[in-house]
Amino acid sequence: GFVHRAFVVGISALIIACMDAIALERCMQVVQGTSGAAASSKPGSDHVLCLSATEGHVIFIKHAFLPVLLSAAVDAVWIDFDTFILQDPSHAFISARDSPHEVLPQRSRVRFGSFLFYNASDLCNLSKICDPRQHWAFNVTTTTPDSPLDYQGVEMLVTEHWDARCLNNGLFYVRASYRTLTFFTLFLKQIYINPYTDNQNLFDAFLSHSTLDAAVPDARPVLRYVLLDVDQLFGCAEGHANQAASGEQGLLTFHFWASDFRTREAAESADGPDASRIIARNGVERVEKVRANKDELFDMFFSEAAQKEYATHGKSHGIPRAGANFIAQVKAPKPNWRGMCSVTAVGVEDLVDERLLQGQQQLIDWQAATHVVTEGGSLEETIGTTRDASAWNPVGSSAANGDNVSALKGIALEEWIDALQALGELSEMLSKRPEVQLALEVHQTGSEPRASALGARQATKRA
């Protein structure tokens, strides 16, 4: 269905990464069945390459093709397979690249935790975090300097999520140059050596868009990029704002991606007062959204029955009726909150809240649920009293001295918990190392005192 649709809209050159032998065989059958004289009216049918891509994880393979194309001086567009192409997006790419509305990244930013915002007002408006003590100035830097001889235009086109500031790498354009080749070679390397790094967060952080990641190297080109229009042109199942939805004035692509949330922000202009609503902790009213899973969407847009509708009204309008109806149904008001992403675990508590509210159950008091109690009372009370009292001396020196105790003032509870947990894990790990036990015995007997520190360092390094 995907290849057939690409033929219909006139994509001029297409590489299909086939993840197994079945996909490769099916891709070649589709291409062979629509090429030659039978496909003379379908431009692009002789320009599809089905490639075997079975070595490695899908995320690694996804980005492995890019350095190859870029090194051959070929501009590339990546588009996820769970995307329906309504119209050829080539003209929109060229327009966004050559006549950009705003070129990013903005070098001078505001940082909140590991997230980046344009300024304090942007942070306050999008995430409702307005306390100046919670953010600080941040400058995007690199140890790879720009050269006046470098291409000075737009190097990438990317999309944000509909309901969040971070990037969605299901669709992007890359201009071939040595800078973009270096960028994606480094990106591929970091994905390979950091298997637990989320590739989408890393993609965002490499471009210095909305987040920071420790896996991003200092020595990398900071590419100039532009955001594609997810409101009117490049929609997704989470939402869009195009009134036409389909047709010549409608969307160009429709990504099947949607968040795990079952609700979205309510809007009086679009949602009637009778709509079933829940009220989140932050007071925002939310209503149930139109949803469909990936299997349903693939059947809706790419099934044999759907493909028969592709040529019904020409290449711009041949959208399956069920698919066109779904695209129209997910049109929604632009969300007011577009802050940090929930690609990792940022939104878990909000998801739990949503399920409880929809079931008319009481919300969990997260502070009470994570409250730690010790023999002397709560952990907060214990630490609070020992910060300025000499009754408890954690480092074992004389309480009369008081210097060590006063040095503990101002340490946050979370830091104490993390430090104690790390020490406990380190102790357990070292106790299982025979070379560490030997080093400790040598140290206790008084011979070669340096051996204990050396042995511990070697064991820790290997661990």
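**Helix packing, aromatic contacts and backbone features**

Helix α8, which spans residues 294-302, packs against α10 with the two axes 7 Å apart and an angle of about 125° between them. The model described here is a predicted one. Angles over 145 degrees count as roughly antiparallel and those from 65 to 115 as roughly perpendicular; α8 and α10 are therefore oblique to each other. The crossing in which α8 passes α10 is left-handed.

A second helix pair is formed by α3 (residues 58-71) and α6 (residues 178-193). The axes of α3 and α6 come within 9 Å and cross at roughly 155°. Since angles over 145 degrees fall in that class, α3 and α6 are roughly antiparallel to each other. Their crossing, too, is left-handed. Within α3 lies V58, which has a relative accessibility of 42% and therefore counts as partly exposed. The C-alpha atoms of V58 and C18 are 10.0 Å apart in space, while 40 residues separate V58 from C18 in sequence.

C18 belongs to the N-terminal span that is annotated in the record: an unreviewed UniProt entry places the feature "signal peptide" at residues 1-21. In the model, residues 1-21 are 43% helix and 24% strand, and the C-alpha atoms at the two ends of this span lie 18 Å apart.

Aromatic contacts were examined next. The structure holds 23 aromatic pairs. One of them joins F84 and Y310, whose ring centres are 5.9 Å apart and whose planes stand at 55°, a tilted arrangement. F84 lies in strand β4 (residues 83-85) and Y310 in the loop between α9 (304-307) and α10 (321-329), so the pair ties together parts that are 226 residues apart in sequence. Because residues under 20% relative accessible area count as buried, F84, at 0% relative accessibility, is classed as buried. Y310 is likewise buried, with a relative accessible area of 0%.

F84 and Y310 also take part in a wider cluster, in which ring pairs link F2, F81, F84, F254, F256, F298, F301, F302, Y310 and F326. Among these residues, F2 falls within the span annotated as "signal peptide" in the UniProt entry. F298, F301 and F302 lie within α8, and F326 lies within α10. Y310 has a further contact with a charged residue: R5 lies over the face of its ring, at 5.1 Å from the ring centre. A second arrangement of this kind involves R286, the charged end of which sits over the ring of F261, 5.6 Å from its centre.

Several backbone features are located in loops. L104 and P105 are joined by a cis peptide bond with an omega of about 10°. P105 is found in the loop between α4 (90-98) and β5 (108-112). A positive phi occurs at A73, which is not a glycine, with a value of about 65°. A73 is placed in the loop between α3 and β3 (76-79) and counts as exposed at 61% relative accessibility. S208, also a residue other than glycine, has a positive phi near 55°. S208 is found in the loop between α7 (199-206) and β10 (225-227). In contrast to the exposed A73, S208 counts as buried, at 4% relative accessibility.

Technical notes:
Residues are numbered from 1 along each chain as its sequence is written. This is a predicted model: local features need pLDDT of at least 70, side-chain atom pairs count only at pLDDT 80 or more; totals for chains, interfaces and linings use all residues. Side-chain values use heavy atoms; hydrogens and water are left out. UniProt positions are given in the numbering used here, feature names are shortened, and annotations may be inferred rather than shown by experiment. Helices (H or I, at least four residues) and strands (E, at least two) are DSSP runs, numbered from the N terminus. Rings of Phe, Tyr and Trp (its six-membered ring) pair if their centres lie within 6.5 Å; planes under 30 degrees apart count as stacked, over 60 as edge-to-face and the rest as tilted. Buried means under 20% relative accessible area, exposed over 50%, partly exposed in between (1.4 Å probe, protein chains only). A charge sits over a ring if NZ of Lys or CZ of Arg is within 6 Å of the ring centre and within 35 degrees of the ring normal. Axes are lines fitted to C-alpha atoms, for helices over the stretch in contact, and angles run from 0 to 180 degrees between N-to-C directions. Angles under 35 degrees count as roughly parallel, over 145 as roughly antiparallel, 65 to 115 as roughly perpendicular and the rest as oblique. A crossing is left-handed if the near helix is turned anticlockwise from the far one by less than a right angle, and right-handed if clockwise.
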